[in-house]
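Work through these short exercises with the model open. Each task is followed by a stepwise solution.

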Amino acid sequence: MSDTADPVTDHVHHNSWSADLEGPEHADDRELVVSQAVEAVERTASGHHVNLVTHENHGHPESYLFEALEARVDSVEIEYVERCGCGGYVTRVHV
């Protein structure tokens, strides 16, 4: 995992929000994408959702992210939303 990556967020979000996980530091570091996705979900207040926008290099998030989130975070509902025009993928996680 990259030691130079900025945290995806620094506070708990009491609203729905989006986490950008498609920066250059995410391109070749799937472990960073997963760990920051988990952090984003953990920092989303109950009753809200976070849109996880993941880098295209890792492919469809169902192939690596869904199971990792379900294993590490309790009581979430995960849905694939769409592919971005920039090539990334949007996954919505309801907390």
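**Exercise 1.** This model is predicted. Classify E56: is E56 buried, partly exposed or exposed?

*Solution.*
- Take the relative accessibility of E56: 38%.
- Apply the cut-offs: buried is under 20%, exposed is over 50%, and partly exposed lies in between.
- E56 therefore counts as partly exposed.

**Exercise 2.** Find the salt-bridge partner of E56, and say which parts of the chain the pair ties together.

*Solution.*
- Start with the principle: side chains of opposite charge can pair when their charged atoms come close.
- The partner is R83, with the closest N and O atoms 3.7 Å apart.
- That passes the test, because the cut-off is within 4 Å.
- Now place both residues. R83 sits in strand β3 (residues 77-83), and E56 in the loop between β2 (49-54) and α2 (65-72).
- The pair therefore ties together parts that are 27 residues apart in sequence.
- Check R83 too: its relative accessible area is 43%, so R83 is partly exposed.

**Exercise 3.** How many salt bridges does a search of the whole structure find? Describe the one formed by E39.

*Solution.*
- The search finds two.
- E39 pairs with R43, and their closest N and O atoms are 3.9 Å apart.
- R43 has 29% relative accessibility, so R43 counts as partly exposed.

**Exercise 4.** What is notable about the phi of S75, and where does S75 lie?

*Solution.*
- Recall the background: most residues other than glycine have a negative phi.
- S75 is not a glycine, yet its phi is positive, at about 55 degrees.
- S75 lies in the loop between α2 and β3.
- Its relative accessibility is 70%, so S75 counts as exposed.

Definitions and conventions: Residues are numbered from 1 along each chain as its sequence is written. This is a predicted model: local features need pLDDT of at least 70, side-chain atom pairs count only at pLDDT 80 or more; totals for chains, interfaces and linings use all residues. Side-chain values use heavy atoms; hydrogens and water are left out. A salt bridge is a side-chain nitrogen of Lys or Arg within 4 Å of a carboxyl oxygen of Asp or Glu. Buried means under 20% relative accessible area, exposed over 50%, partly exposed in between (1.4 Å probe, protein chains only). Helices (H or I, at least four residues) and strands (E, at least two) are DSSP runs, numbered from the N terminus.
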